[in-house]
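User: I should like to examine how the terms applied to this model are justified. Please set each value against its definition.

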Amino acid sequence: MGKSRLLSLLIYLLLKLISFPPLVVSISYCNGPCRTLNDCNGRLICINGKCNDDPDLGTHICQGTTPSPQPGGCKSSGTLTCRGKSYPTYDCSPPVTSSTPAKLTNNDFSQGGDGGGPSECDGKYHSNKNPIVALSTGWYNGGTRCNQMIRVRASNGRSVDAKVVDECDSRQGCDAEHAGQPPCKNNIVDGSDAVWDALGLNKEEGVVDITWSMT
């Protein structure tokens, strides 16, 4: 009888051991998932299933935390106030692909035009009869695309090859060098009259959706 009880006890303990959940050590940080206080890092505590500051301790570890930017994202690097209005500034542009979405605007590359100073690529002014463009700061990429050709495509099916001669400055603006214009957005292809004409577009529209790629 004693052996039978001992055997039953051993079987019971074995079954309990098998059914016991494995020990998982997983430490979460701000806004990370949790079930117990031990799941949270440092002085964080588990509140409603997420690690957060302990109100009793008055910690502020998680205040001001923001989600990590998405891959390929391009966030504003600051703001520039121009004539009482704030404009976002950018150091980057969306990734360049075989069909990069962009906004086509119109620029006067001649001396005295609304393009301001001479072109960044060569320090010269250019005729608007030539298919030329300025690219937002991120796409201009420090001048690495100077004098290269890009293909601009309109939604009407027409396209034109244009030379990159200038930067559409996404960081600075509102001064004489930029003809008083605010900073460019980070997705601008600023084209000459010849670009608009070749695409069969009306410059009076101001801004038109296009795509572009390197040729």
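Analyst: N106 stands opposite G191 in β9. This is a predicted model, in which local features need pLDDT of at least 70 and side-chain atom pairs count only at pLDDT 80 or more, while totals for chains, interfaces and linings use all residues. Residues are numbered from 1 along each chain as its sequence is written, and side-chain values use heavy atoms, with hydrogens and water left out.

User: What makes β5 and β9 a pair of strands?

Analyst: Strands are DSSP runs of E with at least two residues, and helices are runs of H or I with at least four, both numbered from the N terminus. Two strands pair if DSSP finds at least two bridges between them. Four bridges join β5 to β9, so the definition is met; the two strands run parallel.

User: Which strands form the closed barrel, and in what order?

Analyst: The closed barrel has six strands in the order β5-β9-β6-β8-β7-β10, and its pairing is mixed. From one strand to the next, the twist averages 45 degrees; axes here are lines fitted to C-alpha atoms (for helices over the stretch in contact), and angles run from 0 to 180 degrees between N-to-C directions.

User: Why is the link of C168 and C184 called a disulfide?

Analyst: A disulfide is a pair of cysteine sulfur atoms within 2.5 Å. The sulfur atoms of C168 and C184 are 1.7 Å apart, so the pair qualifies. C168 lies in strand β8 (residues 159-168) and C184 in the loop between β8 and β9 (188-191), so the disulfide ties together parts 16 residues apart in sequence.

User: Why is this disulfide of C168 and C184 described as left-handed?

Analyst: The torsion about its S-S bond is about -45 degrees, so the disulfide is left-handed.

User: How many disulfides does the structure hold, and how do you know that C74 and C92 form one of them?

Analyst: The structure holds three disulfides. For C74 and C92 the S to S distance is 2.0 Å, which lies within 2.5 Å, so the pair counts. With 100 degrees about the S-S bond, this link is right-handed. C74 sits in the loop between β2 (50-52) and β3 (78-82), and C92 in the loop between β4 (85-89) and β5 (100-106).

User: Why do C74 and C92 fall into separate classes of accessibility, buried or partly exposed?

Analyst: Buried means under 20% relative accessible area, exposed means over 50%, and partly exposed lies in between (1.4 Å probe, protein chains only). C74 has 17%, so C74 is buried. C92 has 25%, so C92 is partly exposed.
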